[in-house]
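Visitor: I am new to this structure and would love a close look at one part of it. Could you pick a spot, start there and then show me what else is worth seeing?

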Amino acid sequence: MRKRLKVVLAFLLAVCAVFALAACGPSSASDDKYHSELTGTSVSPFPDSALSHEWQLYGEAQSDGYTGTFMEFLREIEYTVSDDTAAIHSALTSAVCIESVFGTGSSASYSLGAGVIYSLNKSKGDAYIVTNYHVVYGKNRSGKYGLANEIEVYLYGGYVSSRAVTATFYGGEMNYDIAVLKVSSSSVLRNSYAAAAKIEHEKVTAGERVYAIGNPNGEGFSVTGGVVSVPYETIDVMSADDTHLIELPEIRIDANINHGNSGGGLFNANGELVGIVNARGESEDFLGYAIPMETVSEVLARVLQ
């Protein structure tokens, strides 16, 4: 079923416009708080954060010689395999927050979004990260569109300025709203708990439990849960350069999606990546959208070949 809804791309632009559907013009997403924090400073807007209590315990156990996986450790501290919490804790290690800078100096603007580690070479500190194209393509304060001049990502448990990881745009397809970022030779990545996401290519089903992990309102990592409302439909959203509508296949969910969730992962109850969150209803509560991994993987195969 093809649908044209009043939908906004679910990312936070500090001083840029949010792209809406169809005849609905761009609505302002400016936020003086983020503007004042970001303009003219390299300090991350993300607050100091520690790993979850379970990850801290896991790290301490490793220091004492524990060699099991995080999931095995969770079982030993009385999480059960059927407990979604354990799977989502594991999925969090593949999540990143993203800060993109468009332009330089006084013309610079910023966007805050999320992403997922798609592949990882821990020993080299290399990774490919999937996100939305509109997270890393936008306009500066002068209104000029283009790819971000600077991109920084923050790993789960480390989103403070000293832990920023520099990423570069590797490739992507605007008409599918998918972009790939590359991280190379990062010591932060090498010494982190980061892991590549487990991918599930099978289609989701209506009523299936899902979790969105993102960076809502630029305030750092957050998990929201819900169910699949519609396993497949198509909707129209405005392209990242604000020039044309693009038709995208989507999973509709009732999990709470906010600005800043764009590019973040949609995970099933097993902690497997089933989609990339990209949009939300502008007026309807609990109406979110994610591009299914079947589509995302096709784009990634073309970009990474």
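Guide: Let us start with His 259, which is buried in this predicted model. Its relative accessible area is 18%, and buried means under 20%, so His 259 falls on the buried side of that cut-off. To find His 259, look in the loop between strand E17 (245–253) and strand E18 (265–268). Its side chain has a partner there: a polar contact of 2.9 Å joins His 259 to the side chain of Arg 280.

From here we can turn to the aromatic rings. The structure holds four aromatic pairs. One of them is made by Tyr 133 and Phe 169, which meet edge-to-face, with 5.8 Å from centre to centre and 85° between the planes. This pair links distant parts of the chain, since Tyr 133 belongs to helix H5 (residues 133–136) and Phe 169 to strand E12 (residues 165–173), 36 residues apart. The two partners also differ in how they are covered: Tyr 133 counts as buried at 10% relative accessibility, while Phe 169, at 28%, counts as partly exposed.

Another edge-to-face pair is formed by Tyr 156 and Phe 221, at 5.5 Å centre to centre and again with 85° between the planes. Tyr 156 sits in the loop between strand E11 (150–155) and E12, and Phe 221 in the loop between strand E15 (209–214) and strand E16 (222–238), so this pair ties together parts that are 65 residues apart in sequence. Both of these residues are buried.

Going back to Tyr 133 and Phe 169, you will find that they form one aromatic cluster together with Tyr 137. Elsewhere, a ring has a charged neighbour: Arg 302 lies over the face of Tyr 176, at 5.5 Å from the ring centre.

Last, have a look at the nonpolar cores. The largest has 31 residues, and within it Phe 267 and Val 296 touch the most other members. Helix H7 (residues 293–304) gives this core its largest share, five residues. Apart from this core lies another, of 24 residues, including Ile 98, Tyr 133, Ile 151 and Ala 240. As for Phe 267, its contacts, leaving out residues up to four places away in sequence, include Ile 88, Val 116, Tyr 211 and Leu 273. Among the others that Phe 267 touches are Ser 94, Arg 209 and Glu 272.

Conventions. Residues numbered from 1 in each chain as written. Predicted model: local features only at pLDDT ≥ 70, side-chain atom pairs only at ≥ 80, totals over all residues. Heavy atoms only, no water. Helix = DSSP H or I, 4+ residues; strand = E, 2+ residues; numbered from the N terminus. Buried < 20%, exposed > 50% of the residue type's maximum accessible area, 1.4 Å probe, protein only. Polar contact = N/O pair within 3.5 Å; in protein donor to acceptor, adjacent residues only side chain to side chain. Phe/Tyr/Trp six-rings, centres within 6.5 Å; stacked < 30°, edge-to-face > 60°. Lys NZ or Arg CZ within 6 Å of the ring centre and 35° of its normal. Core = buried A, V, L, I, M, F, W, Y, C linked by side-chain atoms within 4.5 Å. Contact = heavy atoms within 4.5 Å.
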